[in-house]
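Subject: Structure handover

Hello,

Here is the structure I promised to pass on. Please open it first, then read my notes below.

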Amino acid sequence: MSGQRLAATRLQWWGSLPRRRCAATVLVAAAALFARPAVAAATDAAAEAVFEKEVRPLLVNRCFKCHAGEKAGGGLSLETRDGWAAGGESGPAIVPGDAEASLLMQAVRGDALVWRMPPEDTGPPLSADEIAVLARWVADGAFDPRVATASIGGMSEVEAQSWWAFAPLAATDPLGGPERIDALLNAHIAEAGLPVAEAADERTFLRRATYDLTGLPPTAAEVDAFAADLSSDKTLRLIDRLLASPDYGVRYGRHWLDLVRYADTAGENTDRPLPHAWRYRNWVINALNADTPYDEFVRLQLAGDLVRAGEPREALNEGIVATGYLAIARRFGHDIQKDRHLTYEDVIDNLGKTFLGLTTGCARCHDHKYDPVSNADYYALCGILESTRFAFPGCEPQGQPRDLVPLVSAEEIAAAREAWEQHKATYEAAVAAQAATAEAGAGELGDLLPSQPGPEPVFPLAYAVVDAEPTDVPIQLRGDPEQLGEVVPRRWLDVFGGEKVAAEAGSGRAELAEWILAEPLAARVIVNRLWQWHFGRGLVATANDFGSRGEPPSHPELLDWLAARFLAEGGRLKPMHRLIMQTQAYRRSSLTRQAAVEADPDNRLLARFTRRRLSAEELQDTLLAVTDRLDRSAGEAHPFPPESTWKFTQHGPFEAVYPTTRRSVYVMRPRQRQHPFFALFDGADPNASTPRRETTTVPTQALYFLNDRFFHEQAEALAARLTAEYPPPPVGGSLAATRIHQAFSLALQRAATNEEIELLSVLVEDTAVDEVAAWTGLARVVLASSEFLHVD
Amino acid sequence: MTAPTNHAAWTSEPSAFARRAFLRSTVAGSLLMPGILSQLHGDDAAAFDPLAVKPPHFPAKAKQIIFLFMTGGVSHVDTFDPKPALTRDHGKEIKADHPEIKNRPGYERIFLKRSQWEFAPHGQCGTEVSTLFPNLAKCVDEIALIRSMHTSHSNHYNATLGMHTGSFAFSRPSIGSWMSYGLGTHNANLPGFVVIAPQQTYAGTQVYASDFLPGSHQGTLVVPGETPVANVVSRIPMPQQSRELAALTALNRRHLGDRGGDPLLETRLRSFETAFGMQMAVPEAFELEREDEATLSLYGLQRGQTTGFSWQCLVARRLVERGVRFVELIDTGSSNNWDAHGDMKTHVPLAKNVDQPIAGLLRDLKRRGMLDETLVVWTTEFGRTPFNNTADAPGREHHPWAFSSWLAGAGVRKGIVHGATDEHGLRAVEQPVHVHDLHATILHLMGFDHERLTFRHAGRDYRLTDVHGRVVREVLA
């Protein structure tokens, strides 16, 4: 492993596509790495059966007492083929094919020249049958599959080196348009003989694309404009318009916040508010809107404070705020300092899953059982975190927050403080002097006083991290912080080379970011997410697990092509969206016959588009949008109670729901008591990385559409809008039909059919209360409809 | 929409007038849920309704299940499986090819570790239980205790998933969903499968997911608290709500028809009917005020209390009383649970949390005659090792080789112990019962041949027990 491998595979986050053109050929051919080792020959199978059934138990029961483990008797280990082949002090124990010449046979038979085995004080001699088993086995060539393989965690080194997800990207030319993607997809569809769904109609496509990139429905004006546009590149212009919208960052930022389990509270026993965490949330949204290259996006979240050190204040602040990714880690227990090993686990688990699709958190108590992550690897990363000072949110026994990172320089703070203190001192002195004068009975009060000083100056703070004293940490045996083992130097995962943090390098966070980004895995993981965000299912369905327990890619060649293209695009997401959304696959209808669905229930092959329910955020935002009450401005800090008043305890934890009419990404999301709306509609779990939203369909959701206060308020608002915009008397035509059309246009982006108008007119007519009540009923029906809630 | 509609009912009406009359009759408000779907689906109502009551394969005493799941891995040798030899051999080194110690640094050598709790025989039957469960110990005459449980995985996630779905790796329908699928529900106004849990277990929502079974069989999660089920109070008069629901159903049905009967959309349509009924049924079912003091004290519940396992147990009784098929109660979540790596003493508060409530539940069901038709299952995902890497290590590790579960109630033999572990509680040696066998037995008690309760998905018939499972006849009455 180590240096050599890294040199061969290290990713380059190249700039623009043309520059990448010449680099295409540089990519190492790695197709062979996807091939599985050849299956053992049939004769081996028979020999293996003999070995497993007869020989192995015999060796284990009769020999291992001494000839196994670290202190193998006489230096002979019978645990592996290599062990007996190398032999002990007396030489090789077995000569395959020659039982007579084999020391092992001589020993078990008690031949005069060697020690009888097993020795008398250890056990009785082998029976004639047992000796015969061994003799036959040796004579037949001593088949022994037990190879002494070095392993990393739960994988042998050999297996780990050839694991598909870690391999260099397959050599591929990253050029070409959406047709390249379609070709790769269509080959599999044709092979499976699946019927391909026709293209979705324009309105469906517009609605799909708009929700996909902005989390909102298209407006009526956008529907009309799209329909009226007869140009050939209208699809591309639509995509570009949506990508340029600030709502893109809201939607894709939310995807990222799902992964990093963003929350506005700390999660420890009192679930304290994090009043400054919002800066990280907004940074994510802004960074995606700016199409920040992915490598920079990752680098800043792990080490923004370090890589932007020395840059102008604004750039530095961005770096500091981005490390909120680390700071928002969940805090645990009563005294969070005592349980910080759990916070480190939360971070290691999250960064493994988020950036690499690896379940690294599993290695806290023991080596990973299935993937090449060792217990030592875990503590190597843990050292990097221990060398980092995390903002402290406070906790019941440890008082109020501290260690937040100011976003103005120490000098500015000092200067401002000094000025304020001087002002205060001057003022107080003046007051005292006047008082003295007044006491002496002379002069007028107030005339000569300087202005009263304001409150002590406050400075913007980030819930972020900075480097602390670099330190390596010992393994915590079985994850128990009280039982310490060997100290592990801070370094990268062994499987990826195990490079150490240089002595003068500080915590190692900046190195960690580069190590992550150097892996082809990092590119595969993010393009797979991108694919999933568009199609509902990743090419690797287990988006957070590219290890041996995850699912293999459905289209490995497409995954690698996308990764190569992504690098060629300089790690920018927007060109990738543009590419993927122009494919035929993305344009396909979701209306298919049940037979086609049954042939590919998970829609792995994408012969159709997968219908989806709106996410919790989309539902809430759409309800506000169709009633024209959505506040499009970015949310900032939450209205938490002032820090000075905090007296939260485990029995009286912080708990609140703050209503807002902003985009729901800005809603305050607590950790311990999930926000009820997001819990009901399968929102992300703020305690664990959520790679994909589940969709449950339960009666409690139907109850929301029947009786929820917020839902009813939106229906009332929509009714008010309908009745205000189209007041009686009607100017020709049916007023009811006009209003129903308008309701459909706002909520469903289409005109109502005659049947629908009839049905709903009857509903309105029969609601013989007052006009607004009648139209509110209609609004409830439209807003609760399945069409409203689903994207085709 | 470009796709053809396979739903022609609206356009086949002979005249506009007749159609209007038809629509009016649908939306007129005289028609109260839950009749709407039957009305709209006509003769197909039963075929359409995945929750219609269906007979099992053969008559069974058990009509409903209360499934008590203790998350994290309860130590068998400290609770239901006394091991004098473990005490005698405390500190003795053993060898074991155990999944939790293989290649694990610090675990080259392992030593037996005794229990710190005393065991004593209880009841007529004399079943031994440790002092961790003083109240439950008094109920042993109702219980068929299985001391020879074993499972296929030593990870929380996989073992929890396995205990709920029979699959140790993939998402599959949970046992509650299978029951709902097999039997339907007696009460259309409540979900057929309810999970009451303060937090999520290691396997998250997969514990109660319907997976490929129709979505109506998915468990409805109730989180204990002041408002366990939100939005059950209607904000508008019932006739108006009925009219709106009828119109909504008509719109949704058309939408569904255009989409080839997408099961998710169909489930959603159906969920409104249940929701409508829940407005009446839920407040009544969760209204514990009417319970008398004697009942509350049986469970150890304070009046007005809306959380805790005692509350969960009493609500469970009330739900099965009202026809809910499967109620699962989960005691904790994926933290602060029975996963006592660090110290076995953490079992004390966890046992105390459930001991009296479960005993109270059994007594309450019995005195109401409900135990004769309710199956109560108590289990965890795996046991805990009777050894550790030092005899003085205060905790125990995950142990898939042996653990204890018990059954009580309808169709269950009373006061017996089935199976046994070896002298140290290391392996289930006598009449071992795998998780698949437990599932087969539960299905049998509910009237199902576990090999015949199947669902065709992606080209093959799936069942809860996959290709495994053997009914443990010894625990049947």
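Start with a small sheet in chain B. Three strands form an open sheet there, in the order β2-β3-β12, with antiparallel pairing. At the edges sit β2 (93–94) and β12 (387–388) of chain B, each paired on one side only. Strand β3 (residues 110–112) of chain B joins β12(B) through two bridges, in the antiparallel sense. F111(B) stands opposite N388(B) in β12(B). As background, strands of a sheet pair through backbone hydrogen bonds, either parallel or antiparallel.

Before going further, note that this is a predicted model. Everything here is computed from it.

Next, a hairpin, also in chain B. Strand β4 (residues 119–122) and strand β5 (residues 127–130) of chain B run antiparallel, and four bridges join them. F119(B) faces its partner S130(B) in β5(B). Four residues lie between β4(B) and β5(B). Look at G123(B) in that turn: its phi is positive, about 65°.

Now a helix pair in chain B. Two packed helices are described by the angle between their axes and the distance between the axes. Here the partners are helix α7 (residues 238–258) and helix α8 (residues 263–285) of chain B. The angle is about 165°, and the axes are 9 Å apart. An angle over 145 degrees counts as roughly antiparallel, so α7(B) is roughly antiparallel to α8(B). The crossing of α7(B) and α8(B) is left-handed.

Which residues meet in this pair? From α7(B) come L245(B), L248(B), T249(B), N252(B), R253(B), H255(B) and L256(B). From α8(B) come L265(B), E266(B), L269(B), F272(B) and F276(B). The contact of α7(B) with α8(B) has seven nonpolar, three polar and two charged residues.

Over to chain A. Its secondary structure comes to 34 helices and 10 strands. The C-alpha atoms of chain A fill a box of roughly 115 × 90 × 55 Å along the principal axes. Chain A has 792 residues, and 48% of them count as buried. Take the contacts in chain A with a separation of 6 or more: 69% of them link residues 24 or more positions apart.

One residue to click on is A523(A), in helix α22 (residues 520–535) of chain A. Is A523(A) buried or exposed? A523(A) has 24 C-beta neighbours inside 10 Å, and the cut-off for buried is 20 or more. A523(A) therefore counts as buried. Leaving out residues up to four places away in sequence, A523(A) touches L11(A), A563(A), F566(A) and L567(A). For scale, A523(A) and M668(A) are 145 residues apart in sequence. In space, their C-alpha atoms are 32 Å apart.

Helix α16 (residues 313–322) of chain A also has buried residues: N317(A), E318(A), G319(A), I320(A), V321(A) and A322(A). What do the buried residues of α16(A) pack against? Their neighbours are α14 (278–289), α15 (294–307), α17 (324–327), β4 (405–406) and β5 (461–462) of chain A.

Last, the interface. Chain A puts 48 residues in contact with 55 residues of chain B. On the chain A side, the elements that give two or more residues are α26 (594–599), α29 (699–707), α32 (754–766), α33 (771–783) and α34 (786–789). That side of chain A divides into 17 nonpolar, 16 polar and 15 charged residues.

Best wishes

Methods
Residues are numbered from 1 along each chain as its sequence is written. Chains are lettered from A and ligands numbered from 1 in the order in which they are written. This is a predicted model: local features need pLDDT of at least 70, side-chain atom pairs count only at pLDDT 80 or more; totals for chains, interfaces and linings use all residues. Two residues are in contact if their C-beta atoms, placed from the backbone, lie within 7 Å. Ala, Val, Leu, Ile, Met, Phe, Trp, Tyr, Cys and Pro count as nonpolar, Asp, Glu, Lys and Arg as charged, and the others, Gly among them, as polar. Axes are lines fitted to C-alpha atoms, for helices over the stretch in contact, and angles run from 0 to 180 degrees between N-to-C directions. Angles under 35 degrees count as roughly parallel, over 145 as roughly antiparallel, 65 to 115 as roughly perpendicular and the rest as oblique. A crossing is left-handed if the near helix is turned anticlockwise from the far one by less than a right angle, and right-handed if clockwise. A residue is buried if 20 or more other C-beta atoms lie within 10 Å of its own, exposed if 12 or fewer, and partly exposed in between; C-beta atoms are placed from the backbone. Two strands pair if DSSP finds at least two bridges between them.
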